[in-house]
Amino acid sequence: MKRIILTGGGTAGHVTPNIALLPRLQELGYDIQYIGSYEGIEKELIEPFNIPYHGISSGKLRRYFSPKNFSDPFRVLKGFSEANKLIRSLKPDVIFSKGGFVSVPVVLAGKKNKVPVVIHESDMTPGLANRISFPAATKVCCNFPETLDSLPKEKAVLTGSPIRQELLSGNKIAAMDLCGFSADKPVILVIGGSLGSVVVNNAVRLALPELLEKFQVIHLCGKDKLDPSLNRLKGYAQFEYIKSELRNIFALADIVISRAGANAICELLALRKPNLLIPLSANASRGDQILNAQSFERQGFSLVIEEEDLSKEYLLECVKKLFQNRDTYISAMHKSQLQNSIQTITDIIEHVRRI
């Protein structure tokens, strides 16, 4: 039997592309194992799929001062030792890494044990964990054409991001029932990322009176970010987080307001959903969401508001513009070359396994 180790964690974005690959890998006859941190979000997300999960020690590599900078290198070394033992025991044919700091010891241990490694970089500019891992990789997949210039040329492949195929088969009626909506108004879906966004939430809620005159609004707020005072508003439905019903909500949405995490916007591309992106500011991140959003705007897939420019009036103006020109955005997304990422990536996995 062929065996593959999947790794990646720290955020949902480092796990969901791995989940998207599971059905195709199973079709190809792979025994699938997962290596993540002891108690990271990846453990919770992988558990429903009955994939054997192996926890290792994980430490973050920070570029700023923190007392943990003194202890985390030892955790990384421990993680490398644990990953090395697991790889020797499991004897995988190939490793696929989605990134995050837990993946670094797994990739390096794979290299030590001469196991071919495929890495996927979601963002426009590679993160630190993946940059450390690139020398150990056989191939490096990426989402954006611009990213190819930042990758080792002999290893780089433009693949797009694997998207969970169930998202493509949503039921609008089920979503209408869930939200208590009618069919007489179009629907805006608001997504602030897996943890939610106070900035996006506040801007949308300020604009609700005007938005609800012409739209119905589904608002995914994030954990502990619900506003009970808004529960009785007709045409407004808020949730902390949606799992199995997400495909139905996507099917119902006419336009989407979203942060600009790489996996989230690739899902919007695959679903052909006209979108207004509000990327996380450079003050609160390394600026990768800004670059992601700019790339999608250049390709005609998205309209973008910088967080610093976000106001009730500007948000309403952009929503109106996006909705009026939605067919133009849908047409551009239909022309995208990134249409079959799962097949492309699993073909690469099959190829490197045979090397």
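Two aromatic rings of Phe, Tyr or Trp count as a pair if their centres lie within 6.5 Å, and planes over 60 degrees apart make the pair edge-to-face. The model examined here is predicted. A search of the whole structure gives four aromatic pairs. One of them joins Phe144 and Phe296. Their ring centres are 5.9 Å apart and their planes stand at 70 degrees, so this pair is edge-to-face. The two residues come from distant parts of the chain, 152 residues apart. Phe144 lies in the loop between strand E6 (139–142) and strand E7 (156–158), while Phe296 belongs to helix H10 (residues 288–298).

Phe296 also pairs with Phe301. Here the centres are 5.2 Å apart and the planes meet at 85 degrees, so this contact is edge-to-face as well. Ring pairs thus link Phe144, Phe296 and Phe301 into a cluster. Are these rings buried or exposed? The cut-off for a buried residue is a relative accessible area under 20%. Phe144 has 1% and is buried. Phe296 is buried at 3%. Phe301 is buried too, with a relative accessible area of 3%.

Two rings carry a charged group over the face. Lys2 lies over the face of Tyr30, 4.5 Å from the ring centre. The charged end of Arg326 sits over the ring of Phe323, at 3.9 Å from its centre.

The strands were examined next. Strands of a sheet pair through backbone hydrogen bonds, in either a parallel or an antiparallel sense. One open sheet has seven strands, with parallel pairing. Their order is E3-E2-E1-E4-E5-E6-E7. Strand E3 (53–56) and E7 stand at the edges. Each has a single partner strand, so one side of each is left without a neighbour in the sheet. Neighbouring strands of this sheet are turned by 25 degrees against each other on average, direction ignored. At the E3 edge, four bridges join E3 to strand E2 (residues 30–37), and the two run parallel. Within this pairing, Tyr34 stands opposite Tyr53 in E3.

A further open sheet has six strands in the order E10-E9-E8-E11-E12-E13, again with parallel pairing. Which strands stand at its edges? They are strand E10 (236–239) and strand E13 (302–304). Each has a single partner strand, so one side of each has no neighbour in the sheet. The twist averages 20 degrees from one strand to the next. E10 pairs in the parallel sense with strand E9 (residues 216–220) over four bridges. The bridge partner of Leu220 is Phe239 in E10.

Strand E11 (residues 255–258) belongs to this six-strand sheet. On one side it joins strand E8 (residues 187–191) through four bridges, in parallel. Ile191 stands opposite Ser258 in E11. E11 also pairs in the parallel sense with strand E12 (residues 275–277), over three bridges. In that pairing, Ile257 stands opposite Leu276 in E12. Both faces of E11 are covered. Ile255 and Ile257 are buried on one side, and Val256 and Ser258 are buried on the other. Between E11 and E12 comes helix H9 (residues 262–271). The three elements make a right-handed β-α-β unit.

Helix H4 (residues 103–112) is largely enclosed by the rest of the structure, because seven of its 10 residues are buried. The buried residues are Ser103, Val104, Pro105, Val106, Val107, Ala109 and Gly110. In general, an α-helix has 3.6 residues a turn, so residues three or four places apart point the same way. H4 is followed by Lys114, whose phi is positive, near 60 degrees.

The cysteines were checked last. How many disulfides does the model contain? The count comes to zero. A disulfide needs two cysteine sulfur atoms within 2.5 Å. The sulfur of Cys141 is 7.8 Å from the closest cysteine sulfur, which is in Cys142, so this distance is too far for a bond. Cys142 is likewise in no disulfide, and its nearest cysteine sulfur is that of Cys141. Cys141 is buried, with a relative accessible area of 0%. Cys142 counts as buried at 0% relative accessibility.

Note on methods. Residues numbered from 1 in each chain as written. Predicted model: local features only at pLDDT ≥ 70, side-chain atom pairs only at ≥ 80, totals over all residues. Heavy atoms only, no water. Buried < 20%, exposed > 50% of the residue type's maximum accessible area, 1.4 Å probe, protein only. Pairing = 2+ DSSP bridges. Right-handed = clockwise from strand over helix to strand, strands pointing away. Phe/Tyr/Trp six-rings, centres within 6.5 Å; stacked < 30°, edge-to-face > 60°. Lys NZ or Arg CZ within 6 Å of the ring centre and 35° of its normal. Axes fitted to C-alpha atoms, helices over the stretch in contact; angles between N-to-C directions.
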